[in-house]
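User: Please examine the model shown below with me. I should like to put several questions about it and follow the reasoning behind each answer.

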Amino acid sequence: MQLSEIKSFSKPLIANLAKLAVHHVQDLLLHLPLRYIDETRIVPIRDLRLGESVQVQGEIMYAEVTYKPRKALVAQLADEAGQQLTLRFLHFYPSQINALKVGNQLRAYGEVRHGYFGYEMVHPQCKAAGKDAAVSEQLTPVYSTTAGLTQPSVRKAIKTAMQMDALTETLPPFVYETQRFPSFSDSIQSLHYPQPDADLTALENRLTPEWRRLAYDELLAQQLSMRKHYAKRRSISASEIAPSQTLVKQLLQDLPFVLTQAQQKVSAEISQDLTQAHPMQRLLQGDVGSGKTIVACLAALQAIEQGWQVALMAPTEILAEQHYKKFEMWLAPMNIHIAWLTGSQNKKTREAAQQDIASGKVQLAVGTHALFQDAVSFKKLGLAIIDEQHRFGVQQRLALRQKGAPEPHQLMMTATPIPRTLSMSYYADLDVSVIDELPPGRSPVVTKLVSDQRREEILQRVREACQSGSQAYWVCPLIEESEVLQLQTATEIFENLQQNFSDLSVGLVHGRMKSAEKQAVMQAFVAGGIQLLVATTVIEVGVDVPNASLMVIEHAERMGLSQLHQLRGRVGRGTAKSTCILMYQNKLTEMARARLKVIYENTDGFAISQADLNLRGPGEFLGTRQSGVPMLKIADLTRDEDLLQRAKSVADGLLKDYPEAVDQHLQRWMRQGVDLVKV
Ligand code: ADP
Ligand code: MG
């Protein structure tokens, strides 16, 4: 039932709840407490412990508005034993001054802190109550609210919803059997209205059987909606593209290396997908340098050999350009026509490329976002490959997919390894291939953490590296707030280093440069003409210059773990021993220190991803995917991993045998999300 159908709910109440994405009785029932407060007991002031949130009772002995050091309402409360506690308010209303009059009996609930004179509570919740007034019988739930929506009004709304008979089970009992879970109804009931003897810590950490039961339900809903979506995509038709007979063999013969086992395995998976009559939706994961590009190229060849066009999209011009060059090197000997398409091309060049794509003359189109613009139409698009897929939004990927009819096969690639629990949950609608092995002969990158106070030593290090014939990157600090400032910083650092290294050739590349300029700089770096390349994080993805063996990253503490891992992956691509120096500014925060430690101790992208997930939660990983997939509210992938396993194991069976129950379950848990999942 929609909340608007409930007579006792006012319009403003409904509007406020809507701001919290609560529209329906089910949403309201699942609007579970953020935490609880314990008003079931009154704690004697002498028993107070620092950091605890508790309720005290007593008489106001003193109250005054003070103006130094700042305006505050300060009161002293004495309990029956005569022990005193300070109550302090930095913002207050006249009504509060009134409530805190000397002689009043009061109950105050708040966190015990250190004050100037012993313990105090800052902004406690106070209510007038006689000495013998009853205490609450239950823990008091605290809900997330929004401006204009008070705790009591949320509580009241939930109470109404509880009476609406909307707590039936949705799924068959066997789903819950091995877990001895409480029923849905009991779980909801006891989370909104916990028993007085409930374990507050377990409740707040969401470890009680009731929380676990609901986490499981939520994970089930996620699995079901993802798998449902997966099944739906399988029912769409696509062209079956037979395995290559000649071109793949030919390329493999011409390559200066042999594929790793892992590359062979994922290539076989992709090749098999292409032969299917439904569109491939495969995510190819492989750490930086694992060799995803050649795998993409082999897939492209299979499509091209059967007369299909292929689109390869990359997030930056530098990367698109590099792919173009590489593919041209590999494919030109086979007389395959490749076009290059980016936003910064001049109109004439772009239109010529578009024409050749439309006529079918171009067999492979490589480019940036420019590839899915309206002006681009393919004659016969059979396969869309998206590199660094997390850089693109759902809509952008969708737009590229719509360039083919029937729908093209889709291969997405990412160098940000997705931790296992994430690929089991948020990515359960995709097929995943993993390249879990690096090509032979790579020497691991040595990582050093160096305070920026030792800049001189670092400069010396760079000089030595360049003088010995190797090349280096200098990565400028990330300034997310302002592109102008980012550019300014990069330019300053560049000028500074240029002065410092007057004997070396120093180059600069940043995101705001014209594409031709960028290309010129990158080419000079590849060719060895530039020895030290000062760069913003534009070089984070994909750039491949094997002779570069030293990287300095300024203000490494500002960057995300995956980003650092990507950056570091730009060196160690040749056989020379490589070093990555992470410069940090002193006084690291706890979090920054923890992050740098992870990157220092690990070279394996999966381990780093897992640590990143633990530190920051799934939001960062999902990036643009977030917009398409409802986020979990109750379940936690790490804490509830066992439940995720179980949910995964029952989902397909449920979809097959209990489709109606599944729909009911999704109605309850994913009312806004069911149709949203479109990736
Ligand atoms: P990424 O997975 O990060 O995109 P690339 O595809 O750019 O990695 O490959 C990194 C480098 O390794 C490239 O220079 C590529 O030619 C090389 N490479 C790829 N596969 C192999 C292999 N099996 N043996 C040796 N070198 C390889
Ligand atoms: Mg790559």
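User: With which side chain does the side chain of S244 make a polar contact at 2.7 Å?

Analyst: A polar contact is a pair of N or O atoms within 3.5 Å; within protein, one must be able to donate a hydrogen and the other to accept it, and residues adjacent in sequence count only if both atoms are side-chain atoms. A polar atom of the S244 side chain lies 3.2 Å from the backbone nitrogen of V248. The side-chain partner of S244, at 2.7 Å, is E305.

User: On what basis are such values and numbers given?

Analyst: This is a predicted model, in which local features need pLDDT of at least 70 and side-chain atom pairs count only at pLDDT 80 or more, while totals for chains, interfaces and linings use all residues. Side-chain values use heavy atoms, without hydrogens and water, residues are numbered from 1 along each chain as its sequence is written, and chains are lettered from A and ligands numbered from 1 in the order in which they are written.

User: Does S244 count as buried or exposed?

Analyst: S244 belongs to the loop between α7 and α8 (247-254); helices (H or I, at least four residues) and strands (E, at least two) are DSSP runs, numbered from the N terminus. Buried means under 20% relative accessible area, exposed over 50%, and partly exposed in between (1.4 Å probe, protein chains only). Because its relative accessibility is 18%, S244 counts as buried.

User: Where does A21 lie, and is it buried or partly exposed?

Analyst: A21 is not a glycine, yet it has a positive phi of about 65°. Its place is in the loop between α1 (11-19) and α2 (25-29). With a relative accessible area of 34%, A21 is partly exposed.

User: Is N335 buried or exposed?

Analyst: N335 also has a positive phi, of about 60°, although it is not a glycine. The loop between α11 (317-331) and β12 (338-341) holds N335. Because its relative accessible area is 65%, N335 is exposed.

User: Between which domains does the largest nonpolar core lie?

Analyst: A nonpolar core is a set of buried Ala, Val, Leu, Ile, Met, Phe, Trp, Tyr and Cys residues joined through side-chain atoms within 4.5 Å. The largest one has 81 residues, and those touching the most other members are L3, F9, L28, I188, Y216 and L220. Helix α7 (residues 209-234) provides the largest share of this core, 8 residues. Two domains, with bounds from an automatic or database domain assignment, both give residues to the core, so it lies between domain 1 (3-36 + 141-207) and domain 3 (259-435).

User: How much of the accessible area of ligand 1 does the protein cover?

Analyst: The shell of ligand 1 has 17 residues, the closest being V258, G289, K292, T293 and R442; a residue is near a molecule if one of its heavy atoms lies within 4 Å of it. A nitrogen atom of ligand 1 lies 2.8 Å from a backbone N or O atom of V258, and an oxygen atom of ligand 1 is 2.6 Å from a polar backbone atom of G289. Ligand 1 has 570 Å² of accessible area on its own (Shrake-Rupley method, 1.4 Å probe), and the share covered by the protein is 86%.

User: Which bond is the peptide bond that is cis, with omega near -5°?

Analyst: One partner, P406, is located in the loop between α13 (394-401) and β15 (409-414). The cis peptide bond runs from A405 to P406.
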